[in-house]
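Dear colleague,

Please find below the structure for your review. A short account of what was found in it follows.

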Amino acid sequence: MNKEKSFEEMIDELENIANSLEKDELTLDESVLKFEEGMRLSKECSNILDNAEKRIKILINENDEIHEEDFSANE
Amino acid sequence: MKYEPITVSQLNNYIKERFENDEFLQNVLVKGEISNFKHHYTGHMYFTIKDENSLIKCIMFKSYTANLNFVPKDGMKVIVFGTVSVFERDGAYQIYCKAMQDDGLGNLYTLYEKLKKNLEAEGLFAQEKKKKIPVMPKVIGVLTSQTGSVIRDIINVSTRRNPNVYIRLYPIPVQGENAKEKIVQAIKIMNEKQLADVLILARGGGSLEDLWPFNEEIVARAIYASKIPVISAVGHETDFTIADFVSDLRAPTPSAAAELAVPDINAVKNTIQNYTLRNKNALKKKVEIMRMKYEKCIIRKPFSDPLYKTENYKVLINKYNDKLKNIVINKYKDTRNVFNEKIQRLDALSPLKTLNRGFSIVSKNNQIIKTKTSLKKDDIVDLRFIDGNLNARII
């Protein structure tokens with residue numbers, strides 16, 4: 001859908017950061033940088049989750065022009 | 001005028017009797033294709049057999065099913081033997097089967113097997129071609145009928161797992177002649193306009209004919225061509241359509257498809273929290289380790305006693321200092337000894353010693369007189385004794 005970093009890429013990176021921090025192979029400076037990057041990613045992921053809004057839409061195709069309308073499955 | 005209506009039961013009972021009195025209906029041998037086959041838990045089998053234009057309900061009681069030498073299923077062509085009678089409660093007539101024979105595979109079933117074999121050989125079902133279902137799709141595209149329980153189940157399960165889910169339903173007919181084209185078009189449009197991150201292609205249970213659009217080759221190829229991963233959930237758990245084989249993931253039911261497509265938001269949040277906690281702990285530990293290293297370092301000699309090295313040098317300097325002093329003193333002593341020795345020797349030779357023994361030194365005009373010829377009468381000379389000088393005149 002988009003070309004920015006995907007959610008799963010961010011989660012993967014977050015995991016990598018946790019792993020490399022735990023391995024204790026980095027200098028303190030590197031650790032702090034990684035840590036900050038990790039906190040940034042975790043905030044970004046949480047933002048994506050918290051800022052999503054529920055949308056149930058039905059796509060209407062009129063001569064290959066698609067538009068979206070609210071959809072309710074309650075009959 | 002007075003009406004004398006009979007009851008529904010009486011009518012059905014009458015019809016039933018008419019059926020039962022008809023000798024031809026007591027023993028029929030009918031061929032047809034099985035559909036809507038259900039093997040009830042009581043052991044009885046309920047199904048319909050049909051040809052192109054017509055169908056009839058059939059029931060085979062448990063006592064007869066034991067004699068079958070094959071497992072009946074939808075799409076099979078069979079010959080049944082039995083009695084046609086009326087089920088009064090439903091006002092329905094049906095064949096009470098006593099025996100059934102496999103009459104070769106049904107047409108649709110043969111087609112299904114053939115297409116499945118061909119597409120499999122072509123590699124459309126290959127595991128390595130399956131796309132990964134995204135962990136956190138932003139938009140779930142659902143291709144199914146806009147009415148009925150399937151879309152409702154999917155919405156219910158999805159919103160339960162993620163209250164903020166974004167679902168885009170692209171309604172499609174899920175059975176009938178034009179269903180396949182509509183399905184193909186739906187997949188194409190979702191892809192072209194990038195309307196979803198994952199697609200659920202779903203349909204409730206049905207007969208082989210009902211599910212047939214999902215066994216169509218063009219549908220299979222559209223699924224295969226889809227850049228968006230496709231989860232299929234067609235029919236019941238036991239139904240396997242071609243669409244199921246070619247899709248990236250097969251879900252046993254539409255609800256299961258929703259579970260596979262929509263991440264449990266709490267689980268995801270836990271994961272993020274877990275990583276964050278691990279990050280924090282790891283950094284804390286890192287700092288702790290660095291502090292320990294620092295403390296271990298700081299108690300070492302160079303830091304705790306920074307002058308210890310100069311102390312050593314000071315000791316060394318003092319040592320050299322003493323050594324130097326000794327050398328000078330010794331040199332002085334040696335020189336002194338030599339001097340004393342010389343003094344003594346000089347002393348031994350001193351004329352004063354001679355004077356001490358009673359000799360005197362005669363000098364004139366500060367010239368020591370060694371011979372008598374150096375003097376003449378009336379010369380005044382100087383006599384030096386041990387205790388002083390006197391003048392004398394030569395006579």
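**Helix packing between the chains**

In this predicted model, helix H2 of chain A (residues 28-51) and helix H10 of chain B (residues 265-298) have axes that come within 10 Å and cross at roughly 165°. Because angles over 145 degrees count as roughly antiparallel, H2(A) is roughly antiparallel to H10(B). The crossing in which H2(A) passes H10(B) is left-handed.

On the side of H2(A), the residues making this contact include Leu28(A), Val32(A), Phe35(A), Met39(A), Ser42(A), Leu49(A) and Asp50(A). On the side of H10(B), among them are Ile265(B), Lys269(B), Ile272(B), Asn279(B), Leu283(B), Lys286(B) and Met290(B). By character, the residues of the contact of H2(A) with H10(B) comprise 12 nonpolar, six polar and four charged.

Two of the residues named above, Asp50(A) and Lys269(B), also form a salt bridge, with their closest N and O atoms 3.3 Å apart.

**The interface as a whole**

Across the interface of chain B and chain A, three salt bridges are found. In total, 44 residues of chain B are in contact with 41 residues of chain A.

The size of an interface is often given as the accessible area lost when the parts come together. Between chain B and chain A, the buried area is about 3900 Å², and carbon and sulfur atoms give 63% of this. Within chain B, the residues that lose the most area to chain A are Tyr275(B), Asn279(B) and Lys286(B), which together account for 16% of what that side buries.

Yours sincerely

Note on methods:
Residues numbered from 1 in each chain as written. Chains lettered and ligands numbered in written order. Predicted model: local features only at pLDDT ≥ 70, side-chain atom pairs only at ≥ 80, totals over all residues. Heavy atoms only, no water. Axes fitted to C-alpha atoms, helices over the stretch in contact; angles between N-to-C directions. Helix = DSSP H or I, 4+ residues; strand = E, 2+ residues; numbered from the N terminus. Parallel < 35°, antiparallel > 145°, perpendicular 65-115°, else oblique. Left-handed = near helix turned anticlockwise from the far one by under 90°. Contact = heavy atoms within 4.5 Å. Nonpolar A, V, L, I, M, F, W, Y, C, P; charged D, E, K, R; others polar. Buried area = accessible area lost by both parts, 1.4 Å probe. Salt bridge = Lys/Arg side-chain N within 4 Å of Asp/Glu carboxyl O.
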